[in-house]
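Me: Could you take a close look at one part of this structure for me? I would love a connected walk through its charged side chains and their surroundings.

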Amino acid sequence: MTIAERAEMAAGYKASGVCNCCQAVTRVFADTVSLSEEDLMKIAAGFAGGMGTMEATCGALVGASMIGGLLTNGQGSVKVSRGILQRFGKKCGATICKDLKGRDTGVVLCECPQCVKNAVLALGEELSLA
C-alpha cells in the first residue's frame with residue numbers, strides 16, 4: 001500500500017467516526033510495525049481531541065510520531081518527530097489542536113480528516129516511504 005493510500009484510508013477512518021485522529025494514523029500502519037491493530041488502537045485511545053483535549057498537540061501528529069519511532073526502532077526518533085512536526089505544520093498551518101480547530105479564533109485551519117491525512121503524508125515524507 002502506498003503512503004497516499006494509507007493517508008486516504010486514515011482520513012476515512014476519522015471521517016467515519018470509527019477512530020480518533022491518533023488511532024486513525026496508527027491503525028493504517030499496523031501491517032508495518034510489531035504491534036497489532038488492536039494494540040495500536042488501545043495505545044492511541046487517549047489522544048482524542050488532541051493531547052490534553054484540544055489544549056496541546058494534535059492527536060494525528062502524536063500518532064505519526066509514535067509510528068515514526070516504531071518504524072525506526074527508536075533510532076533518531078526525536079529528529080524524525082521534529083521533521084514530522086515541521087512538515088505537518090506547513091501542511092496544516094498549526095500543530096496544536098485548538099489552533100487547528102479555531103477554538104479561540106473561530107477560524108478552522110484544518111479539519112480532522114485532513115489533519116490525519118497530512119500527518120500520514122508528513123510521516124511518509126520524513127521517512128521517504130513510498
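What follows is a tour of the salt bridges, with a stop at a helix on the way.

Reply: Happy to! Please keep in mind that this is a predicted model. The count of salt bridges comes to 11, and a good place to begin is the one between Arg 6 and Asp 31, with N and O 2.8 Å apart. Arg 6 belongs to helix 1, whereas Asp 31 sits in the loop between helix 2 and helix 3 (37–44), so the pair ties together parts that are 25 residues apart in sequence. The two partners have opposite surroundings: Arg 6 has a relative accessibility of 7% and therefore counts as buried, the cut-off being under 20%, while Asp 31, at 57%, counts as exposed. The two side chains also make a polar contact of 2.8 Å.

Leaving aside neighbours within four places in sequence, Arg 6 touches Met 1, Val 28, Phe 29, Asp 31, Thr 32 and Val 120. Val 120 leads us to helix 7, where it is one of the buried residues, along with others including Cys 115, Asn 118, Leu 123 and Gly 124. The cover over the buried residues of helix 7 includes helix 1 (3–16), helix 2 (21–27), helix 4 (59–71), helix 5 (77–92) and helix 6 (97–100). Helix 7 runs over residues 112–126, and its 15 residues should span 21 Å at 1.5 Å a residue; the end C-alpha atoms are 21 Å apart, which agrees. Just after helix 7, Ser 128 adopts a positive phi of about 55°.

Back to the charges, now within a single helix. Glu 38 and Lys 42 form a salt bridge at 3.2 Å, N to O. Both lie in helix 3, 4 residues apart, which is about one turn of the helix. An α-helix has 3.6 residues a turn, so residues three or four places apart point the same way. Both partners are exposed: Glu 38 has a relative accessible area of 53%, and Lys 42 has a relative accessibility of 54%.

Another salt bridge joins Lys 98 to Glu 55, the closest N and O atoms being 3.5 Å apart. Lys 98 is in helix 6 and Glu 55 in the loop between helix 3 and helix 4, so this pair ties together parts that are 43 residues apart in sequence. Glu 55 counts as partly exposed, at 40% relative accessibility. Glu 55 and Lys 98 also belong to a network of salt bridges with Arg 103 and Asp 104.

One more charge is worth a look: Arg 27 lies over the face of Tyr 13, 4.0 Å from the ring centre. As for rings meeting rings, a search of the whole structure finds 0 aromatic pairs.

Notes
Residues are numbered from 1 along each chain as its sequence is written. This is a predicted model: local features need pLDDT of at least 70, side-chain atom pairs count only at pLDDT 80 or more; totals for chains, interfaces and linings use all residues. Side-chain values use heavy atoms; hydrogens and water are left out. Helices (H or I, at least four residues) and strands (E, at least two) are DSSP runs, numbered from the N terminus. The expected span of a helix is 1.5 Å times one less than its number of residues. Buried means under 20% relative accessible area, exposed over 50%, partly exposed in between (1.4 Å probe, protein chains only). Contact means heavy atoms within 4.5 Å. A polar contact is a pair of N or O atoms within 3.5 Å; within protein, one must be able to donate a hydrogen and the other to accept it, and residues adjacent in sequence count only if both atoms are side-chain atoms. Rings of Phe, Tyr and Trp (its six-membered ring) pair if their centres lie within 6.5 Å; planes under 30 degrees apart count as stacked, over 60 as edge-to-face and the rest as tilted. A charge sits over a ring if NZ of Lys or CZ of Arg is within 6 Å of the ring centre and within 35 degrees of the ring normal. A salt bridge is a side-chain nitrogen of Lys or Arg within 4 Å of a carboxyl oxygen of Asp or Glu.
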